[in-house]
Amino acid sequence: MHELLMSPPSWLHALIFFVAGAVLLAIVLGFVTYAILADRKVIGYMQLRIGPNRVGGRFGLLQTVADVLKLLMKEDTIPEKADKSLYVIAPAIAFIPAFAVLAVIPFSAHLQFADIGVGLLYYMSVSGITTIGILTGSWASNNKYALIGGMRAVAQMISYEIPLVMSVIGIILMTGSLNLVDIVMEQQQLAFFIMQPLGFIIFIISGIAELSRTPFDLPEAESELVAGYHTEYSGFRWAFFMLSEYVYMFGMAALTTVLFLGGWLPIPGLGFIPGVIWFSLKFMLVVFFLVWLRATFPRLRADQLMEFAWKVLLPAALANIFITAILKELI
Amino acid sequence: MFGEGLAKGLKYTLKSLAKKEVTYSYPEETLQMPDRFRGIQKFYPEKCIVCNKCVNVCPTDCITLSGKPNPDPDKRGKIIETYDINFEICILCDLCTEVCPTEAVVMTNNFELAEYSRDELYKDLQWLDENDTNIRKENKV
């Protein structure tokens, strides 16, 4: 993969990358399908229920497939007073960055789709574009619940993006690089979640807030907002918003794995297991943690949300940067 | 300590993960109702003496019956000809089975009465006679 990335461009390369991208998309869609099922199943077991168990055998293995097929057959509604062109492109604006950020994630030592020097910066900045898609969709729907939900989502995502970026600066200081492969290689001795415990906690919290999952699911607080920014959306377009949400879950779990859990690097002594397996094990651990949190915690109050980001997480992240800088100078 | 409750909650949900679920897979596994459960009546035509007590006691007037003279000229009394219960209005109150002197109408533990048409809720003598599963063991309590 690496030679391919470094070789001069040609039409054959374009074809190979197109196919590789399509394969990644298929894998991501497969992940999303079973992440939704795992979400429901694990939460079900944690609440002493069974969860989906009708479609596709005892474990409901085809439940999500059936749900998606139902969504695709639904009527594609566009409100009469909506801004039609914005309404139509908003799901695309929300989804495309979610998939585009996956390009820089190194899944193993050789499996990576783009080896950018500023990979981490690329992830952070491109993922911010989704916020615009959400705002566009909520504005274009011409619905008060959608607008309030969209405003909440945007306020939350912008606020939590700052501690998210700040929390990884500690890692950047220690590595001296924004390249994700370099960051993984730096963790050969000790993973960054041990060396950067404060940064890790801040990253996880603001990462969950970025994903707007429980306990930060205020943009979709159904008891207050009907459904949040996608109130007016149905069928295929709604599926795109949900898809981007779960693809971000993929992205965020992969980024956590790469930044803090040592990516594809094995636990010492178990090097014979291939890197991709290690990556997916750590990745699944993060995904399980997200589901576990969702089954456990109630939703944060709206007024606590902003205070928490600006008054707790941001100063803690700044303190983490200073501590890291001082320790780096001393050692 | 700050965050203690969060850890406590996480520990609790993780423990619940391994516990047995409290839900039933209902349509596949039939629910075992306790004895004395008031379910759909079972009717024994041969026991009935057409005394009309159940019709009189029924609070919702959902039972209608008719009898005919006993075909055997040596025996006195009547035998049952039609016996209908309207399950649109029957409240399964158990009074008909309590009042019945011969235990010709008894309760069962069956309770599934969903139908596509309201007409199908009029259950006749034959249907009630064939409703002979899960019959309640003790009826005069």
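# Helices, cores and a small sheet in a two-chain model

Let us begin with helix α7 of chain A, residues 144-175: at 1.5 Å a residue, its 32 residues should span 46 Å, and the end C-alpha atoms are indeed 46 Å apart, so expectation and model agree. Please keep in mind that this is a predicted model. Along its course, α7(A) bends by about 25° at A:I169. After α7(A) comes A:G176, with a positive phi near 75°. On the other side, the loop between α6 (129-140) and α7 of chain A holds A:N142. We will return to that residue below.

## Helix α13 of chain A

How does the span of α13(A) compare with what its 22 residues should give at 1.5 Å a residue? The expected span is 32 Å and the end C-alpha atoms lie 32 Å apart, so the two agree. This helix covers residues 275-296 of chain A, A:V276 among them.

Many side chains of this helix can be followed into the interior. The buried residues of α13(A) are A:W278, A:F279, A:K282, A:F283, A:V286, A:V287, A:L290, A:V291, A:L293, A:A295 and A:T296. It helps to recall that an α-helix has 3.6 residues a turn, so residues three or four places apart point the same way. What covers the buried residues of α13(A)? The cover includes α2 (11-46), α10 (197-211) and α12 of chain A, together with α1 (4-18) of chain B.

Two other residues of the helix have a partly exposed setting. A:V276 has 14 C-beta neighbours inside 10 Å and therefore counts as partly exposed. Beyond its neighbours within four places in sequence, A:V276 is in contact with A:F107, A:S108, A:L111 and A:W264. From A:V276 to A:R213 the C-alpha distance is 27 Å, with their positions 63 residues apart in sequence. A:F288 also lies in α13 of chain A, and because 13 C-beta neighbours lie inside 10 Å, A:F288 counts as partly exposed. The C-alpha atoms of A:F288 and A:G271 are 24 Å apart, for a separation of 17 residues along the chain.

## Two nonpolar cores

In soluble globular proteins, nonpolar side chains tend to be buried together. Here the largest nonpolar core has 81 residues, of which A:I105, A:I208, A:M249, A:A253, A:V258, A:L259 and A:V287 touch the most other members. Helix α12 (residues 235-260) of chain A gives the largest share of this core, 15 residues. A second, separate core has 16 residues, including B:C48, B:C62, B:C96 and B:A104.

Back in the largest core, which residues does A:M249 touch, not counting those up to four places away in sequence? They are A:A35, A:L211, A:V287 and A:L290. Two of these, A:V287 and A:L290, have already appeared among the buried residues of α13(A).

## Where the chains meet

The contact between the chains takes 9 residues from chain A and 10 residues from chain B. On the chain B side, these residues divide into 4 nonpolar, 4 polar and 2 charged.

## The sheet of chain B

Chain B has an open sheet of 3 strands in the order β2-β3-β5, with antiparallel pairing. Why is one side of β2 (63-69) and of β5 (122-123) left without a neighbour in the sheet? Both strands stand at the edges and each has a single partner strand, so one side of each has no neighbour there.

β2(B) runs antiparallel to β3 (residues 78-86) of chain B, and 7 bridges join them. Within this pair, B:P69 stands opposite B:K78, and B:S66 has B:T82 as its bridge partner. β3(B) and β5(B) are likewise antiparallel, paired over 2 bridges; here B:N86 has B:Y122 as its bridge partner.

## Backbone details worth a look

Two residues other than glycine with positive phi are set side by side here.

| Residue | Phi | Loop | C-beta atoms within 10 Å |
|---|---|---|---|
| A:N142 | near 60° | between α6 and α7 of chain A | 15 other C-beta atoms |
| B:V50 | about 50° | between β1 (41-43) and α2 (53-57) of chain B | 19 other C-beta atoms |

A:N142 is partly exposed, and B:V50 is partly exposed too.

One more feature concerns a peptide bond: the one joining A:T214 and A:P215 is cis, with omega about 0°. A:P215 is found in the loop between α10 and α11 (222-225) of chain A.

Methods. Residues numbered from 1 in each chain as written. Chains lettered and ligands numbered in written order. Predicted model: local features only at pLDDT ≥ 70, side-chain atom pairs only at ≥ 80, totals over all residues. Helix = DSSP H or I, 4+ residues; strand = E, 2+ residues; numbered from the N terminus. Expected span 1.5 Å × (residues − 1). Bend = angle between axes of the 7 residues up to and from the residue. Pairing = 2+ DSSP bridges. Core = buried A, V, L, I, M, F, W, Y, C linked by C-beta atoms within 7 Å. Buried ≥ 20, exposed ≤ 12 C-beta atoms within 10 Å, placed from the backbone. Contact = placed C-beta atoms within 7 Å. Nonpolar A, V, L, I, M, F, W, Y, C, P; charged D, E, K, R; others polar.
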